[in-house]
Every structure is written in C-alpha cells, then in structure tokens.
Amino acid sequence: MNIPVQIEYMLKKLTDSGYEAYLVGGCVRDFLLGKTPDDYDITTSAFPEETMAVFASDKVVPTGLKHGTVTVLYSGMSAEITTYRTETAYTDGRHPDNVEFSRDIRDDLCRRDFTVNAMAMDFDGNIIDLYGGVRDFDNRIIRAVGEPSERFTEDALRILRAFRFASKLGFDIENKTLKAAISLAPRLSLVSRERIFIEFEKLICSMYYAGKILRIMYENKVLDCIFDKPQINIAALDYIDKIPPFAHTRFAALFLYDERINEHVKSLKPSNEFAASVKSIAECRLPSEYDVPTLRRLLSRYKDAAIDRATAENKGEIGNRLFEIFDTEDCFSVSDLDINGTDISNVTSRRGKEIGEALHTLLFAVFDGKVENRKSDLIEYLKRI
Ligand code: ATP
C-alpha cells in the first residue's frame with residue numbers, strides 16, 4: 001500500500017495541527033484491492049474554516065463548504081477534505097434535513113451506506129472498522145451499515161448504490177440488505193433522475209458483473225422502479241460484460257428492442273450527446289448482406305453508431321468488419337470526396353442542384369468501388385456519366 005506523498009502531506013498536516021484525518025470511502029477499498037485509487041477523500045475532525053487555516057499556504061478551493069468539503073491541491077494532486085458529519089432525519093427520502101459537523105469519527109462512519117464504504121484509514125495504513133467492513137470486504141459482501149430498511153428509507157438512492165457496488169466490485173449483496181433493497185425499490189421514484197443516472201451509468205459499465213446484477217434487478221422488478229415499463233433485451237444480460245464499457249452502447253444493448261428506448265434514456269436527464277448516441281444506435285439497422293459497399297453506406301449514415309449497433313447486438317463479426325472499414329478508409333461523406341462543387345462547375349456544365357446530385361453520385365460510386373477517391377479519377381468518371 002502506497003499513499004502518494006501529496007496525500008500523506010495533507011493527512012500529516014492535519015494531524016500535526018491537532019486534528020484527526022483519515023482516508024475514507026472508495027480509496028480505502030482500492031487500497032484493500034491493491035489498486036491505485038483514482039481519487040482520494042479525506043475525512044477530518046477539523047471544521048471547514050480550520051481545514052482552510054491549516055492549508056492557508058496551499059491552494060484550497062471551498063468546493064462544498066455547506067457540507068464541510070474543501071478541495072486541497074498540492075504538488076499536482078488534489079483531495080477532497082470533508083469534516084466529520086452527522087446527518088439527521090431524511091424526511092423527503094433523499095436529502096438529510098440537516099447536516100451537522102462533528103468531532104467524532106463514529107458519527108461520520110455510521111452515516112455511510114455500506115460496511116465496505118465505512119472504513120477509514122490513517123497514513124500508516126491502520127484501518128478503523130466499526131462495522132465489519134474488512135470482513136465483508138474479504139467475503140465480498142455488500143451489507144448496509146445498520147438496519148438496511150431504515151437506511152434505504154432514509155435515502156432511496158442507496159438501493160441503487162447497493163447494486164452499483166455489487167456490480168463494480170463483483171460482490172454479493174447480503175441477504176437482508178438485498179431483500180430490503182428489492183422491497184423498497186419503489187422508493188427510487190423519490191430520487192432525482194440525475195443522481196440515478198450517475199449510479200446507473202457506473203453500474204452498467206462494470207467490467208465483469210453488470211450482466212449478473214442487471215439480471216437480479218430485472219428478475220426482482222427493480223428495473224421497473226427505475227424505468228417506465230421497460231422491455232429489457234434479456235439476451236444482452238449474457239454478453240453485456242463483453243461490450244466495451246461505454247455507457248451509451250451498453251444502455252442501447254439493454255433496451256435494444258424497446259420502442260421507448262429514447263424515452264427511457266431521456267428520463268435520466270443525460271447530456272444531449274449521450275441521448276443522441278443511444279438514439280443513433282437504436283435507429284441503425286444492420287443489413288442482411290455484409291458486402292463492403294453496403295457497409296460503407298451504413299457507416300456513411302451512422303458513423304460509429306453502426307459499429308456500436310453491431311456490438312450492442314453481439315454481432316462481433318460484422319462489428320469487426322465495420323471497424324476495419326471505418327478505421328482504414330477515409331471517404332464516408334460528400335465532404336470527404338477529393339473534389340468539391342467548384343471543381344465540378346469548372347469542369348462540367350452542371351450548375352445548382354445538379355452539382356449536389358453529382359457529388360452524391362460520386363460518393364456512391366466510390367462506395368461501390370467504381371472509382372477511386374482521387375480528383376482526376378472523379379472528374380474522368382463524371383465526364384463519362
Ligand atoms: P467510487 O469511487 O466508485 O464512486 P466511492 O465509494 O468513492 O466509490 P462515492 O459515491 O464517491 O463512491 O461516495 C464516497 C463515500 O461517501 C462512499 O464510500 C460512502 O461512504 C459515502 N456515501 C456516498 N453516498 C452516500 C449515500 N447516499 N449514503 C450514505 N453514504 C454515502
């Protein structure tokens with residue numbers, strides 16, 4: 001286990017100033033997995049103004065002061081440093097009514113969702129584990145901290161997070177936690193769609209276990225609590241883990257034959273770009289003939305969405321062929337032709353609309369291999385037709 005020197009600097013600076021400071025959450029899990037964390041979260045007994053004072057000579061960004069979070073940047077690395085917090089009642093099922101800062105790490109750990117997310121680690125690698133997180137981690141189990149139904153009732157997003165972590169880590173969800181997650185899944189309707197999207201995206205992009213977890217969610221009608229009468233492409237559950245982990249392709253695979261796929265995507269309020277990618281994959285129809293001219297036409301119309309469609313349908317062979325053409329060739333639209341409208345009006349008598357028609361004729365002739373995409377050849381061809 002190697003904590004980067006910059007993070008060690010932050011932890012030590014806090015402890016040297018008389019506060020407690022620990023790594024917490026995902027980075028602790030990553031250390032236990034022997035993986036280098038992507039980002040570091042620090043939890044501390046210092047209140048936000050105190051943290052800012054400790055790092056007065058460093059770069060500090062008050063990213064979420066209300067929730068006790070400041071971001072410290074030091075020597076090319078950053079970490080979010082958050083004050084120990086307690087969370088009081090969640091009357092709306094999504095936000096704590098009140099967040100209070102605390103000096104006691106037990107308050108901070110008990111508000112966390114799962115035992116494997118409720119471990120804290122100091123800079124020497126000593127772990128504070130009040131809820132059996134290390135044991136659950138070793139047994140590969142996602143277990144709620146405390147009474148699962150209470151925790152899921154407080155914040156329904158945790159239901160989806162249980163599936164997300166099970167998918168990401170390849171863990172099983174402990175029985176009582178799973179039962180509560182399934183029976184309280186209708187409460188997911190209380191959660192903002194943006195928060196659902198963040199978790200769902202992570203869930204479907206898991207490297208090995210998305211299919212297994214999505215199947216559990218499908219069979220137990222949890223997906224029906226996230227989408228309106230979804231028609232799941234059940235076959236995709238068997239191969240979704242083999243699809244490159246891009247959420248739009250995996251999402252499209254999951255809803256490939258659902259007429260309302262675009263509504264399902266949009267309901268999650270993703271970026272326009274994400275919704276458009278899924279829409280293109282859904283619209284694209286793979287041809288029954290896989291000859292090169294047909295595939296070029298498909299690529300010309302759908303670009304990489306055609307490759308994604310083949311992937312989403314688990315048609316690897318056609319996907320590879322499409323990829324090869326897309327990767328090695330460079331003429332898929334009129335603007336890729338080695339000739340333009342001015343050239344055409346210079347060398348032929350075509351004018352106005354005819355120029356556009358000529359360009360399209362040339363493009364299809366290139367697709368069909370009747371002419372090379374080279375100016376002189378294109379002009380020659382044009383004169384002949
Ligand atoms: P990853 O890096 O894969 O996203 P993470 O554990 O860092 O994993 P976050 O969503 O960033 O995931 O959450 C950070 C930590 O905050 C969690 O490990 C957990 O302790 C706590 N946490 C986050 N969301 C909740 C929640 N809704 N309820 C309780 N605790 C939460």
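This briefing goes through aromatic rings, one buried helix end, a pocket, a second helix and some loop residues.

The structure is a predicted model. A search of the whole structure turns up 16 aromatic pairs. The second largest pocket holds about 260 Å³ of space. Two loop residues other than glycine, Ser 75 and Lys 303, have positive phi values.

**Aromatic pairs**

- A pair of aromatic rings is described by how far apart the centres are and by the angle between the planes.
- Among the 16 aromatic pairs is the one formed by Tyr 9 and Tyr 74, which is stacked because the ring centres are 3.7 Å apart and the planes meet at 10 degrees.
- This pair joins distant parts of the chain, since Tyr 9 belongs to helix α1 (residues 5–16) and Tyr 74 to strand β4 (residues 69–74), 65 residues apart.
- Tyr 9 is partly exposed, at 23% relative accessible area, and Tyr 74 is partly exposed at 28%.
- Tyr 208 and Tyr 209 form an edge-to-face pair, with 6.0 Å from centre to centre and 75 degrees between the planes.
- Tyr 208 has a relative accessible area of 61% and is exposed, whereas Tyr 209, with 26%, is partly exposed.
- A cluster linked by ring pairs consists of Phe 197, Phe 200, Phe 227, Phe 251, Phe 255 and Phe 274.

**Charges over rings**

- Arg 103 places its charged end over the ring of Phe 47, at 4.0 Å from the ring centre.
- Arg 164 does so with Phe 165, where the charged end is 4.1 Å from the ring centre.

**Ala 312 in helix α16**

- Ala 312 is located in helix α16, which covers residues 304–312.
- Its relative accessibility is 0%, so Ala 312 counts as buried; the cut-off for buried is under 20%.
- Beyond the neighbours within four places in sequence, Ala 312 is in contact with Tyr 239, Ile 243, Thr 249, Ala 253, Leu 256 and Ile 281.
- The C-alpha atoms of Ala 312 and Ala 236 are 7.8 Å apart in space, while the two residues are 76 residues apart in sequence.

**The second largest pocket**

- The volume of the second largest pocket is about 260 Å³.
- Its lining is made of 18 residues, and those nearest the centre are Pro 244, Ile 307, Ala 310, Thr 311 and Gly 319.
- Helices α16 and α17 (316–328) each give at least two residues to the lining of this pocket.
- Helix α17 supplies the largest share of the lining, with six residues.
- Sorted by class, the lining has eight nonpolar, six polar and four charged residues.

**Helix α2**

- In helix α2 (residues 26–33), the buried residues are Cys 27, Val 28, Arg 29, Asp 30 and Phe 31.
- These buried residues of α2 pack against the strands β1 (21–24), β2 (41–44), β8 (119–121) and β9 (127–129), and against the helices α5 (133–138) and α7 (157–169).
- Gly 34, just after α2, has a positive phi of about 80 degrees.

**Loop residues with positive phi**

- Ser 75 is a residue other than glycine with a positive phi, near 50 degrees.
- The loop that contains Ser 75 lies between β4 and β5 (77–83).
- Ser 75 counts as exposed because its relative accessibility is 53%, and exposed means over 50%.
- Lys 303, also a residue other than glycine, has a positive phi near 50 degrees.
- Lys 303 sits in the loop between α15 (292–302) and α16.
- With a relative accessibility of 36%, Lys 303 counts as partly exposed.

**Asp 336 in the loop after α17**

- Asp 336 is in the loop between α17 and α18 (341–347).
- The relative accessible area of Asp 336 is 31%, so this residue is partly exposed.
- Residues up to four places away in sequence aside, Asp 336 touches Asp 330, Cys 331 and Asn 373.
- Asp 336 and Leu 363 are 27 residues apart along the chain, and their C-alpha atoms are separated by 8.8 Å.

How values were computed: Residues numbered from 1 in each chain as written. Predicted model: local features only at pLDDT ≥ 70, side-chain atom pairs only at ≥ 80, totals over all residues. Heavy atoms only, no water. Phe/Tyr/Trp six-rings, centres within 6.5 Å; stacked < 30°, edge-to-face > 60°. Helix = DSSP H or I, 4+ residues; strand = E, 2+ residues; numbered from the N terminus. Buried < 20%, exposed > 50% of the residue type's maximum accessible area, 1.4 Å probe, protein only. Lys NZ or Arg CZ within 6 Å of the ring centre and 35° of its normal. Contact = heavy atoms within 4.5 Å. 1 Å grid on protein atoms, 1.4 Å probe; cavity = no way out; pocket = protein on both sides within 12 Å on 5 of 7 lines; lining within 4 Å. Points joined across faces, edges and corners; volume = space filled by probe spheres on them. Nonpolar A, V, L, I, M, F, W, Y, C, P; charged D, E, K, R; others polar.
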